[in-house]
Amino acid sequence: MSAAPPPRWARAIARRFLHGANSEFVLGDLADDYVQRRASYGALRSCARYLRLAAASRRAMRSDRWNPAVLSGALFADARFAVRGLRKDPGFAAAAIITLALGIGANAAIFSVVRGVLLAPLPYPEPERIVNVWQVFREWQESDNASFRAMAERFPVSWPVYQEWRERSRSFDSIAVYGEYPTIVDGIDIAEWVNVVSTTRSFVDVVGIEPALGRWFNEEEDQIGGERVVVVSHRYWQKLGGDDTVLGTSLRLHGDPFTIIGVMPAGFYFPDRTHDMWYPVPDGRRNQRFGNQSMSAIGRLAPGVALADAQREMTSVADQIIEDIPDAIDAGVRVVSRVDEIAGSTANTLRLLAAAVGLVLLVAAANVAGLLLVRATSRHQELALRAALGARRGRLIAQLMVEGTVLAVMGGIAGLAAVQAAFGWLRASLPPDTPRLDDVVMNWQVGVFVATISLLVALLFGVVSAAQLRDRDPARGLQQDDRVVVGSRGRSLLVIGEIAVSVVLLASAALLGSSYMRMMSVNSGIRTDGLLSVHVAAPVDIWHDSPAELRTFYTETSRQLRSLPGVAGVSAVSSLPFGGSQSSGSFGFVEDATAPEDAGWSLEQGVSGSYFAVMGIPLVAGRTLVDDYDSSAELVVNERFVERHLPDRNPLGAIIWDNGTPHTIVGVAADVVHGQLGEEIEPKRYRLFERDTGASFSYVLRTDGDPRTLVAAVAEQLRAAVPGTTASRIAMMTNLMSRTTALPRFRTLLLAGLALLAIVLSAIGLYGVVAFAVAARRREFGLRMTLGADGFQVAGLVLRDGLRLTLPGIGLGVLGSVVTTTWLSSYLYEIGPRDPVTLGLVTLVVALLALTAMALPAWRAVRVDPMVALRAD
Amino acid sequence: MRNHLGEFEKLLLFALLADGEDADGATLRQHIELRTGRVVAPGAVYTAMDRLRGRGFVTSEVVNAPPELGGRRQKRYRLRPEGALALDHAVREMESMARGLDDALSSAVEDALGGSDR
């Protein structure tokens, strides 16, 4: 049978009609059907049937395009295909997955911290309604002292201010004040320091959590002369035996008996997890005047009241108070959410790190996208073939996207696994003072986050692949011409972007690192090596009204410590350097006949005469204090004090009103740091330690050898000296000092690590592009060399290609740095955010690294053997 | 609902059952045309078979037909046990609906035919 096929025009129409994986079979069946029918029905009718069936086939096939079963089957096939492809190319797969794992893992790690510190809800009902309310002390806002400026924004509240706020404000369901005080508590048979909170009855309404056992204090107990009652934490209750019978028994706080009336539920904490007791504000504080602010205020916003509303109302309340009450201090109000209040300065560091780590992910994703483009290029013929065989562009894009998704998902899994494995180490490397450290955990939310960013990365790959496909006419892929894709614009843009981001990250890291180094190289002025400090408290029995016994306590303990072998010197000190607290006060000059407190203010510290020798602080003039505890009227001041307050006088012999009595300056000590390295040195006066009232203070010990070996002996010696003594916080001064710089160190190291990652990734990206270009131009290079070009010229061509990406990248990066590093200002120490030297160095480093990345491909280009290259086709 | 078969899907599975192992798309289509007189578009066959494959009722493979059959590539199908069960279920459904209704249906048809005669 001479089987004449359907007419060519009919076949052409059918081909145009039919797309998809099955079109090949459908066209074949249609042709067969035509051939069979033509014999009995003739060409015309058969042809009509052919076209009718083709049209019907098109309808059937179109309607099924998005059928989930078909689609998922196809996608599954694509995924299998992708996995098979990746297994065939393990080098590419490993590079892509490791790169993504690094980027995604770093993000997961930072997210777990951000989630714990900033996002996880606080364990109170409707926690978003809980706010801290601070006064804003205007006088200090423009102070030249940074710690005063900081304090001005979080200025405590006095009892009368709290009463006024309660009366006048409408924004809160309830409002409470609280103060936290370390207190010596005599439990059933344990006496120890406990963090105790004094607060008001309204506190339970604010936090929204009632005691699990017993009750909270009532209105009668919450007033002057009220009964002394205390609510304890679940943890402390366990220590007491965990029995209902503790209700009604009493505890001694600083020696005073308090009746236990309630136990808070397990897991409850406020202000943080270190607090174990809550009791009504003591009478002393209720009698405060307007200026004696010492407490913090918290409130629960009324339903429907936004934080901004409360802020607005409280600002006007504060203005009214100033107007109505002559005693009121000139202060505004700041309402801040409890979560932000707790996160404090850590929040900004975390935001910075989150931004940086996001950029690293972009670099990683761009790098892998670049690799995918190379693969797409080398698979160009395959794709073109598939297109020619009838695969619609959508299907091709879907296939590329599935491949990208497979990579992203594998990278995400690997990244998550890495974070999971390293999580213990990660948590341990957070600064010890990180708020809500206990909330930093790996949980399902971290998993969801990883899944989300993995899918976003996959989407990015899809977009890049789709753009690549759109750029090219598939038909040209069949022409075996690899030149078509050498200058792939997409890849070039990706590499330029990577370099720019790396420059920004490196510049930021360099600025922070340089600041940190400058900070650490600051001489604290204290010889910290070999210094041990210990906080002591006298037995609570002698706390009140027993100066003679306190005196004995001091004499005995210091004598015992001095007698320890290996201890070269001992000094008492009221507030320890790097100990987190400092006190300050005003003073006057006696001969100026000014009011006793009007000449200015300075930091104050109570020390014994040996302090300067023990701490290694040089005296630049005069002598130290004499340990004459009964009638000392001497002061030592620091150099800054002389500079600021006594510039034109001989400081020695100047008489000063200090605490209401005249004191003579007998010495000038070198300036030393008190709060943390890098702070501005403030004027300070040292007076003799007040032995008769010092029930709780610190000792510093100068040791001959390793201070660590003395820790146990010190505690023992103190308890032996006076039974009932509490010795706590025994620490090496070097550790105390490094604790104060933990946050900058953490920030700097982490950002440096991220910058390193970014820069290495972008160098690899650059290497990839240049190496690929060299491989593609082998023939050209061979030809050039045959025609007489020398190695330098060829290498120059390669370098020119590379620099075409590097230079714009660096340029963009420098621009970006100039814009973004101003955000770092508050973290920088003695260096500007646009420090030209740093930027110059960063540029140089990136340029050098880029050249290194180009060196290998350039060398390969020079080594091309012309004959081999030309023979390649 | 998961095992529910559409009308056309049932016809295809019957055809596959009848044609035995490794029937190709064209054979299935001819079989349905012969037995039902319906004109079936090849595209509809492949699309529906893809759907059945996606649901795990059939498997498919692409083979080169022997030269005497034109030598072109063909897609061949094979019934899976799940497909057989689904078809069986569909048949039982139909049977249990039709059971005892033969007379009723006949008289209804007579009425219909008589009505159209008038």
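## A predicted two-chain model

Val185(A) has a relative accessibility of 0%, under the 20% cut-off, and so counts as buried. This residue belongs to strand E2 of chain A. In sequence, Val185(A) and Val540(A) stand 355 residues apart, yet their C-alpha atoms are 8.6 Å from each other in space. The model is a predicted one.

Asp186(A) is also part of strand E2, which covers residues 172–186. With a relative accessibility of 18%, Asp186(A) falls under the 20% limit and therefore counts as buried. Apart from neighbours within four places in sequence, Asp186(A) has contacts with Ala191(A), Leu251(A), Arg252(A) and Val540(A). Val540(A) thus appears twice here: as a contact of Asp186(A), and as the residue 8.6 Å from Val185(A), C-alpha to C-alpha.

### Chain A as a whole

Chain A holds 27 helices and 21 strands. Its radius of gyration is 38 Å, whereas the globule rule gives 29 Å for 873 residues, so chain A is more spread out than a compact globule. Along the principal axes, the C-alpha atoms of chain A occupy a box of roughly 130 × 70 × 55 Å.

Of the 873 residues in chain A, 51% are buried. Among the contacts in chain A with a separation of 6 or more, 79% are between residues 24 or more positions apart. The pair Asp186(A) and Val540(A) is one of the contacts found in this chain. Carbon and sulfur atoms account for 58% of the accessible surface of chain A, which comes to about 39400 Å². Chain A carries 84 positive and 86 negative charges, and the mean positions of these two sets are 20 Å apart.

### Backbone details in chain A

Some places in chain A can be picked out by their backbone geometry. The peptide bond between Phe270(A) and Pro271(A) is cis, with omega about -10°. Pro271(A) sits in the loop that runs between strand E7 (256–263) and strand E8 (275–280).

Arg436(A) is a residue other than glycine with a positive phi, near 55°. Its place is the loop between helix H14 (393–428) and helix H15 (444–471). Is Arg436(A) buried or exposed? Its relative accessible area is 9%, under the 20% cut-off, so Arg436(A) is buried.

Arg729(A) is not a glycine either, and its phi is positive at about 50°. This arginine is located in strand E21, residues 726–732. At a relative accessible area of 56%, over the 50% cut-off, Arg729(A) is exposed and therefore not in the buried class.

### Chain B

Which elements make up chain B, and in what order do they run? The chain has five helices and three strands, and from the N terminus on they follow the order α-β-α-α-β-β-α-α. A helix thus begins the series, and two helices end it.

The radius of gyration of chain B is 18 Å, while a compact globule of 118 residues would have one near 13 Å. The C-alpha trace of chain B spans about 55 × 35 × 20 Å along its principal axes. Of the contacts in chain B between residues at least 6 apart in sequence, 52% join residues at least 24 apart. The centres of its 17 positive and 19 negative side chains lie 8 Å apart.

The burial and surface values of chain B are set beside those of chain A below.

| Chain | Buried residues | Accessible surface | Carbon and sulfur share of surface |
|---|---|---|---|
| Chain A | 51% of 873 residues | about 39400 Å² | 58% |
| Chain B | 36% of 118 residues | about 7100 Å² | 54% |

### Where the chains meet

The size of an interface is often given as the accessible area lost when the parts come together. Between chain A and chain B, the buried area is about 1700 Å², and carbon and sulfur atoms give 53% of this area. Which residues of chain A lose the most area to chain B? They are Asn22(A), Phe25(A) and Asp29(A), which together supply 33% of what the chain A side buries. In total, 21 residues from chain A and 22 residues from chain B take part in the contact.

Technical notes:
Residues numbered from 1 in each chain as written. Chains lettered and ligands numbered in written order. Predicted model: local features only at pLDDT ≥ 70, side-chain atom pairs only at ≥ 80, totals over all residues. Heavy atoms only, no water. Helix = DSSP H or I, 4+ residues; strand = E, 2+ residues; numbered from the N terminus. Rg over C-alpha atoms; globule rule 2.2 N^0.38 Å. Buried < 20%, exposed > 50% of the residue type's maximum accessible area, 1.4 Å probe, protein only. Contact = heavy atoms within 4.5 Å. Areas by Shrake-Rupley, 256 points an atom, 1.4 Å probe, with all protein chains shown as cover. Lys, Arg positive; Asp, Glu negative; His and termini not counted. Charge placed at Lys NZ, Arg CZ, Asp CG, Glu CD. Buried area = accessible area lost by both parts, 1.4 Å probe.
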